[in-house]
Amino acid sequence: MVFQCQRESFLKEFTTTIESVKKADDGSVEVTFKDTVFFPEGGGQPFDEGIFIKSSDKSEYQVKNVIRRGPIAVHILADENNPLSNLKENDEVLQKINWNRRFDHMQQHSGQHLITALFEREFNNPTKAWWLGSESCYIEVTTEVKQSELQHIEKLCNECISQALPVEVQIYEKPEDAGDEVTRASRGLPLDLSGPIRVIKIEGVDANMCCGTHVKDLAQLQVVKLMGTEKTKGKIMVHFLVGNRVIKKLEETYQREQELTLLLNGGPETHKDLIKKLQSTVKSSQKTIQKLTKELATNLATKLNEDPNPPQYFFHHRNDGSDMEFATIFFKAVKPKIFYFMTIADGIDSKNGSAILHGDPTDIDAVKDEIAKILDGKGNGKNGKYQAKVTKLNKIKDCENFVKKYFENK
Ligand SMILES: [Zn+2]
């Protein structure tokens with residue numbers, strides 16, 4: 001069967017009658033119609049979304065998916081408005097598709113026909129598969145594509161668009177009527193094929209079997225932009241955008257450019273240099289911080305090492321953006337065998353961070369759980385070393401008091 005949507009791809013609304021309503025095994029409600037303006041998934045083109053309205057009581061039903069089973073388009077409904085009890089065979093309905101979604105699919109899909117045909121004609125590089133995603137599309141080609149080839153195809157596509165070449169749909173009753181050139185098409189025929197063959201012709205460029213919906217002429221594609229190639233898992237993909245997606249992409253890119261201009265305080269032509277400059281500043285600042293951290297940690301340890309009467313316990317807390325490297329350097333350099341309680345905040349004045357205990361294993365075991373509890377964290381360790389990720393560094397003073405009391409009572 002050729003659906004109404006395939007005979008007239010610009011039809012947005014259509015009146016028809018229900019043929020069947022039933023509950024599927026997965027609990028969803030499936031409806032079939034005498035004919036439909038909803039395109040079921042096929043030929044790489046995603047299904048249409050939309051609604052239909054029952055003529056007699058104006059009740060409205062959301063179509064959330066359309067699939068093809070042989071020659072039948074099955075409409076899957078959102079489970080609202082109680083479709084099972086409200087709908088029955090022969091009910092008249094008005095179908096309305098989400099036109100923005102459909103037209104976008106028509107642009108990307110028809111664009112794909114054009115791009116595929118030109119890659120094959122110009123570079124003998126056939127398309128093995130294609131993908132129409134919600135954001136981007138690609139064709140999977142057979143051999144690698146050079147940058148110059150990409151530019152050549154894009155230029156040709158846009159020339160064809162400016163000539164507004166007609167896109168025609170021809171229906172043949174039997175596959176053999178369509179002619180060799182068409183039935184040889186690499187995609188071949190679906191296994192559950194039934195009924196006539198539908199051939200899409202772009203004047204002077206392409207003739208291909210396809211069940212999808214297409215524009216009337218190439219002018220309706222507006223523009224084609226090839227977005228580059230990608231090689232993954234043995235696939236060679238050429239990414240592309242057509243029509244409104246090009247405009248949307250340009251809008252997003254321009255918006256981002258404006259925001260960058262404000263952030264970087266310089267026009268688009270200076271963005272690259274300004275970012276390189278920023279990156280090198282950050283790199284040298286990081287080096288300086290590393291050097292200072294090392295000096296600070298070493299000095300702190302040296303002071304303790306040189307103390308003739310080291311204290312029983314030692315507290316040190318950092319909330320200045322130092323990282324764990326500070327603790328590593330300090331504990332490597334420090335010598336007195338006393339109790340150490342150190343905290344390092346994840347960022348400036350952050351309540352999240354790490355608590356580190358070093359000392360006699362008996363002392364550590366006696367205080368670690370209470371410290372983890374006060375600072376609201378979890379940790380582990382052994383042999384006189386303990387470390388915990390904590391979330392309440394504002395409670396450090398309580399921990400210090402607890403440790404002091406522990407040593408007083410010892
Ligand atoms: Zn098609």
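Two strands count as paired if DSSP finds at least two bridges between them. I start there because the first strand I want to show is held on two sides by such pairing, and one pair in it puts Gly-50 opposite Val-63 in strand S4. Please keep in mind that this is a predicted model.

The strand in question is S3, residues 50–54. Four bridges join S3 to S4, which covers residues 60–69, and the two run antiparallel. The hairpin they form has five residues between the strands, and in that hairpin Lys-58 takes a positive phi near 60°. S3 also pairs with strand S6, residues 92–97, again in the antiparallel sense, over five bridges. There, Ile-51 has Lys-96 as its bridge partner.

Is S3 buried or exposed? Five of its five residues are buried, so the strand is largely enclosed by the rest of the structure. On one side the buried residues are Gly-50, Phe-52 and Lys-54, and on the other they are Ile-51 and Ile-53, so both faces are covered.

Next, the overall layout. The protein is divided into domain 1, residues 4–97, domain 2, residues 102–251, and domain 3, residues 291–409. Between the C-alpha centres of domain 1 and domain 3 there are 67 Å.

Now the zinc ion. Which residues supply its protein donors? They are His-109, His-113 and His-214, each through NE2, and Cys-210 through SG, at 2.0 to 2.2 Å from the ion. The spacing of these residues in sequence is H-x3-H-x96-C-x3-H. His-113 lies in helix H3, residues 99–123, while Cys-210 lies in the loop between strands S11 and S12, so this pair ties together parts that are 97 residues apart in sequence. His-113 and Cys-210 are both buried.

What is the arrangement of the donors? The angles subtended by the four donor atoms run from 99 to 119°, which makes it tetrahedral. To count as tetrahedral, all angles must lie between 85 and 135 degrees. For reference, the ideal angle for four tetrahedral donors is 109.5 degrees.

On to the nonpolar cores. In soluble globular proteins, nonpolar side chains tend to be buried together. The largest core here has 56 residues, and those touching the most other members are Leu-114, Ile-115, Phe-119, Leu-218 and Leu-226. Its largest share, eight residues, comes from H3. Domain 1 and domain 2 each contribute at least three residues to this core. Apart from it lies another core, of 21 residues, including Ala-355, Val-367, Ala-372 and Ile-374.

To look at one member of the 56-residue core, take Ile-115. Leaving aside neighbours within four places in sequence, Ile-115 is in contact with Ile-139, Ile-153, Cys-157, Val-224, Leu-226 and Phe-240.

A residue in strand S16, residues 353–358, is Ser-354. At 3% relative accessibility, Ser-354 counts as buried. Beyond neighbours within four places in sequence, its contacts include Met-324, Met-342, Gln-387 and Val-390.

Last, two asparagines. Asn-90 sits in the loop between helix H2 and S6, and has a positive phi of about 75° although it is not a glycine. Asn-124 is in the loop between H3 and strand S7, and its phi is also positive, about 50°, again without being a glycine. Are they buried or exposed? Asn-90 is exposed, with a relative accessible area of 58%, and Asn-124 counts as exposed at 63%.

Technical notes
Residues numbered from 1 in each chain as written. Predicted model: local features only at pLDDT ≥ 70, side-chain atom pairs only at ≥ 80, totals over all residues. Heavy atoms only, no water. Domains from an automatic or database assignment. Donors = N, O, S within 2.8 Å, 3.2 Å for Na, K, Ca; no water. Tetrahedral: all angles 85-135°; square planar, octahedral: opposite > 155°, others 65-115°. Buried < 20%, exposed > 50% of the residue type's maximum accessible area, 1.4 Å probe, protein only. Contact = heavy atoms within 4.5 Å. Core = buried A, V, L, I, M, F, W, Y, C linked by side-chain atoms within 4.5 Å.
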